[in-house]
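Subject: A structure for you to look through

Dear colleague,

I am handing over the structure below, and after it I have set out what was found. Please keep the view open while you read, and look up each residue as it is named.

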Amino acid sequence: MKHNALVRGYVPRKFYPRGAQFEPVTNDTKSYIERIVIDEDPKNDLGSTERNDKSEAYTIEIAKDGDTLIKIASPLGGLQALETFAQLFFAHSSKSAGSYTPYAPLSIKDSPVFEHRGLNLDISRNWISPEDVMRTIEAMAANKLNRLHIHASDAQSWPLEIPSLPDLAIKGAYSHAQIWRTEDLEAVQLHGTYHGVQVFAEIDLPGHTTSI
């Protein structure tokens, strides 16, 4: 959650009419979230789910006094829960006031309807840098998408480095500056893991290979 709304200091002015007073008064009595308890147990009751698989399900309870309890059945559910938790907060326009949530006390029960919630990126026809793909993964996580399909080769170009066949990318990429190195793919896949997004790279063979 390195680039969530909390870190970026998002003040939600667009959510309200112009001139509306939507922020808490800074000198008012405050309750703070001082501790978050995460209870991970495959037997946790996470409410009714659309599917039998509870791996991505979670519940969040925030009491009026700030006590917070998150229940999950797996680490993947924890990633989803913490992503939602971060989205509950906004930055105050007075920087010294920090962040706040207008929603507490609250209770959330969430689980996906569909197991596969994916996006396809074509890095062969259109050059997309690994850094841009990682930003896309962060946006996917924010919207609870969990599968990224990278179309890594086609007739237009072959940008993916294959160490045992180095000429594929050297001669098949649009340019030497537009090659995905093995460490780039590894970094993207690891970034996906950290955000609950599985990354799949697809290579078309034997067709779609006129770039080589």
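Helix H5 is followed by glycine 196, whose phi is positive, near 75 degrees. Please bear in mind, here and in everything below, that this is a predicted model.

Helix H5 itself covers residues 182-194, and because its 13 residues at 1.5 Å a residue should span 18 Å, the 19 Å between its end C-alpha atoms agrees with what is expected. The residues Asp184, Leu185, Val188, His191 and Gly192 of H5 are buried. Seen down the axis of H5, these buried residues fall within an arc of 125 degrees, so they line one face of the helix. On the other side of H5 you will find Glu186, Thr193 and Tyr194, which are exposed. What do the buried residues of H5 pack against? Their partners are helix H3 (130-142), strand S8 (147-151) and strand S9 (198-202).

That brings us to helix H3, which has 13 residues and reaches 19 Å from its first C-alpha to its last, close to the 18 Å expected at 1.5 Å a residue. Its buried residues are Pro130, Val133, Met134, Ile137, Glu138, Met140 and Ala141. Viewed down the axis of H3, they fall within an arc of 160 degrees, so here too the buried residues line one face of the helix. The elements that cover the buried residues of H3 include H2, S7, S8, H5 and S9.

Just after H3 comes lysine 144, which takes a positive phi of about 65 degrees, a sign worth noticing in a residue other than glycine. Lysine 144 sits in the loop between H3 and S8. Is lysine 144 buried or exposed? Because residues under 20% relative accessible area are taken as buried, lysine 144, at 17% relative accessibility, counts as buried.

Lysine 144 is also one of the residues touched by glutamine 80, which, not counting residues up to four places away in sequence, touches Glu56, Tyr58, Arg117 and Lys144. Glutamine 80 has its place in helix H2 (residues 75-87), and with a relative accessible area of 7% it is buried. Helix H2 has 13 residues and reaches 19 Å from its first C-alpha to its last, which is close to the 18 Å expected at 1.5 Å a residue. Gln80 shares its buried state with Gly77, Gly78, Ala81, Glu83, Thr84, Phe85 and Ala86 of H2.

Some single residues in other places may help you to find your way around. Alanine 57 lies in the loop between strand S1 (36-40) and strand S2 (58-62), and at 0% relative accessibility it counts as buried. The C-alpha atoms of alanine 57 and alanine 152, which are 95 residues apart along the chain, are separated by 32 Å. Glycine 172 is found in helix H4 (residues 167-172), and it too counts as buried, at 5% relative accessibility. From glycine 172 to isoleucine 128, 44 residues apart along the chain, the C-alpha atoms are separated by 15 Å.

Histidine 116, by contrast, counts as exposed, at 56% relative accessibility, and it has its place in the loop between S6 and strand S7 (118-122). Leaving aside neighbours within four places in sequence, histidine 116 is in contact with Asn146 and Arg147. Histidine 116 and alanine 177 are 61 residues apart in sequence and, C-alpha to C-alpha, 33 Å apart in space.

Another backbone detail to check by eye is the peptide bond from alanine 104 to proline 105, which is cis, with omega near -5 degrees. Proline 105 is in the loop between strand S5 (99-100) and strand S6 (106-110).

Finally, there is the matter of open space. The largest pocket has a volume of about 610 Å³. It is lined by 22 residues, and of these Lys30, Ser31, Ser99, Tyr100 and Thr101 lie nearest its centre. How many residues of each class are in the lining of the largest pocket? By class, that lining has 12 nonpolar, 7 polar and 3 charged residues.

With best wishes

Conventions: Residues numbered from 1 in each chain as written. Predicted model: local features only at pLDDT ≥ 70, side-chain atom pairs only at ≥ 80, totals over all residues. Heavy atoms only, no water. 1 Å grid on protein atoms, 1.4 Å probe; cavity = no way out; pocket = protein on both sides within 12 Å on 5 of 7 lines; lining within 4 Å. Points joined across faces, edges and corners; volume = space filled by probe spheres on them. Nonpolar A, V, L, I, M, F, W, Y, C, P; charged D, E, K, R; others polar. Helix = DSSP H or I, 4+ residues; strand = E, 2+ residues; numbered from the N terminus. Buried < 20%, exposed > 50% of the residue type's maximum accessible area, 1.4 Å probe, protein only. Contact = heavy atoms within 4.5 Å. Expected span 1.5 Å × (residues − 1). Arc of directions from axis to C-beta.
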